[in-house]
There are 2 protein chains.
Amino acid sequence: MNGKIFIIEDEPSIIQLVQHNLEKNGFIVSSSVNGNDGLKELKKFQPDLLLLDWMLPDLSGVEICKNIRKDTSYNNLPVIMLTAKGEEEDKIKGLDSGVDDYLTKPFSFNELMARIKAVLRRSNPNTVSDNLKFDDLMLDRIEKRVFRDDQEIKLGPTEFRLLEFFLTNPKRVYSRDQILESVWPNNVNVESRTIDVHIRRLRQSVNLKNKKELIRTVRSSGYSLI
Amino acid sequence: MNGKIFIIEDEPSIIQLVQHNLEKNGFIVSSSVNGNDGLKELKKFQPDLLLLDWMLPDLSGVEICKNIRKDTSYNNLPVIMLTAKGEEEDKIKGLDSGVDDYLTKPFSFNELMARIKAVLRRSNPNTVSDNLKFDDLMLDRIEKRVFRDDQEIKLGPTEFRLLEFFLTNPKRVYSRDQILESVWPNNVNVESRTIDVHIRRLRQSVNLKNKKELIRTVRSSGYSLI
DNA sequence: TTAATTTGTAACAAAATTGTAACATTTGAA
DNA sequence: TTCAAATGTTACAATTTTGTTACAAATTAA
């Protein structure tokens, strides 16, 4: 996933946390610690989404938001408002300030991520959603997470790439050579049997109890999802 | 098989022939008779493959091709170039214009079909199925599965290859020597009688109850599907 | 740095496949 | 009908392939 996100927030700790995590997830991020700077930087940066603190040293989040909506070139910019608990929550909810969503501090990064995705998806459908699905399995390439029926499955890096590879063509049988070529970095030499071990590890993680086997062994040919 | 194919070609007779036959084969087809229209229509139509005439009234095929390769959202579109005989064949071959394959007119529809399949398989393995069918039997080479009337039949590797071999020419009678050559890896020596045993195993798996015999013994000659 | 995780491989276990021999049955020509 | 040749069938040991585990080396995180 790509996308540019701008943050206007005066608490450095929050900026740091959010910015770091968003960048890890493939976003390009920039930020300001007050409203006036923020408005200027914003126009240079041309973000796809704005994270906006409700309370800022100079301007309030609502004022910034109105300002943005006036400018024709930014009046569609999606905005997620960040508020401290008890900070006039109800007002914000009822407010028709053009905010797309809001989030109450303290929040987990996962919550934030979910909101960001939802808002981006609404405003710009084809920049988001990079999920691979098969049966009850879902692999989120952006967040590098895997779920089976909403239950998260933790995978090591190689297992993740392996599953990702299978999911691009589920049901298709891949030989060990094909798997090696596609899943391992070029010019590394690993034994073909190594794949078997990784398949075993992937199976162990992915085959939750009460769930049917997902990986099929095709003797003398390779493996596939099923 | 599904897939969307766009044709840019100024000879109506060719368009008609190709379009009709492709549609009969399950493709969704659209076309233009000149380059400029073609480029516009193309983007709306979002094809999986482009058939492109080398000589067009306005733009040349090469120009169109370059145009396509520039556009990031289409730079992976597979292209098959159609050329009249003698029309600078060599140039085209040597040309690094990003063409995936080319075909010289006049061509048979089967030739075209083969190229299309090959190119699609390369660029997007998923959209092309590669199934062999005979009677109520279906063998899926990609997924390595065999069905008889939707009921899956499990086969060992050799039985699979054996059936695959018969299905490429059903009804034809193959001698044990021919079978050996084609189904067994080169330079292995197995008794001719071994084939009988594998035929027996294949029969056992394939001949579900209430189904007619599929493998015919031709005394002193060999076996065939029937 | 240390600790934790991940990775590749070897070694062994388990399972599936394979080829062949031995015997049974069928076929078709004499 | 008889009988030899061809094919069907079965069982089984050898081989191949895959599953599993353990562990040291390499990588990454803390």
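Okay, A:R176 and the DNA. In this predicted model, an N or O atom in the side chain of A:R176 sits 3.2 Å from a phosphate oxygen of DNA strand D. Chain B makes contacts of that kind as well: for B:R203 the distance from a side-chain N or O atom to a phosphate oxygen of strand D is 2.8 Å, and for B:T217 it's 2.7 Å.

Let me widen the view a bit. How many residues are around DNA strand D? There are 24, and the ones that come nearest are A:R193, A:R200, A:Y223, B:R200 and B:S220. On the DNA side, sugar and phosphate make up 56% of the strand D atoms that come within 4 Å of the protein. And what is that protein surface made of? The split is 14 charged residues, six nonpolar and four polar. If you want to colour it by secondary structure, pick α8 and β10 (215–218) in chain A, plus α8 (192–206) and β10 (215–218) in chain B; each of those gives at least two residues to the surface near strand D.

Now back to A:R176, since that side chain has a protein partner too. A:R176 and A:D196 form a salt bridge, 2.8 Å from N to O. Where do the two ends sit? A:R176 is in helix α7 (residues 176–183) of chain A and A:D196 is in helix α8 (residues 192–206) of the chain, so the pair ties together parts 20 residues apart in sequence.

A:D196 has another arginine on it. A:R193, which we just met as one of the residues coming nearest to strand D, forms a salt bridge with A:D196, with the closest N and O atoms 3.0 Å apart. These two are three residues apart in helix α8 of chain A, so about one helical turn separates them. Buried or exposed, then, for A:D196? Its relative accessibility is 15%, so A:D196 counts as buried. A:R193 comes out at 57%, so that one counts as exposed. One caution for anyone reading those numbers next to the DNA: accessibility here is computed on protein chains only.

Over all chains, the structure holds 17 salt bridges. Let me show one in chain B: the side chains of B:D136 and B:R148 meet at 3.0 Å, N to O. B:D136 is in the loop between β6 (131–134) and β7 (137–140), while B:R148 is in strand β8 (residues 145–148), so this bridge links parts of chain B that are 12 residues apart in sequence. Both ends count as buried, because B:D136 has a relative accessible area of 17% and B:R148 is at 1%. There's also a network in chain A, where salt bridges with shared partners join A:E143, A:R145, A:E152 and A:K154.

Two more residues, then I'll stop. A:N34 is in the loop between β2 (28–32) and α2 (35–45) of chain A. Its side chain reaches the backbone nitrogen of A:D37 at 2.9 Å. Leaving out residues up to four places away in sequence, A:N34 touches A:I8, A:P57 and A:D58. At 17% relative accessibility it's buried, because the cut-off is under 20%.

And over in chain B, B:T83 lies in strand β4 (residues 79–84). With 0% relative accessibility, B:T83 counts as buried. Measuring tools out, folks: C-alpha to C-alpha, B:T83 and B:M55 are 7.4 Å apart in space, with their positions 28 residues apart in sequence.

Definitions and conventions. Residues are numbered from 1 along each chain as its sequence is written. Chains are lettered from A and ligands numbered from 1 in the order in which they are written. This is a predicted model: local features need pLDDT of at least 70, side-chain atom pairs count only at pLDDT 80 or more; totals for chains, interfaces and linings use all residues. Side-chain values use heavy atoms; hydrogens and water are left out. Helices (H or I, at least four residues) and strands (E, at least two) are DSSP runs, numbered from the N terminus. Buried means under 20% relative accessible area, exposed over 50%, partly exposed in between (1.4 Å probe, protein chains only). A polar contact is a pair of N or O atoms within 3.5 Å; within protein, one must be able to donate a hydrogen and the other to accept it, and residues adjacent in sequence count only if both atoms are side-chain atoms. Contact means heavy atoms within 4.5 Å. A salt bridge is a side-chain nitrogen of Lys or Arg within 4 Å of a carboxyl oxygen of Asp or Glu. A residue is near a molecule or strand if one of its heavy atoms lies within 4 Å of it. Ala, Val, Leu, Ile, Met, Phe, Trp, Tyr, Cys and Pro count as nonpolar, Asp, Glu, Lys and Arg as charged, and the others, Gly among them, as polar.
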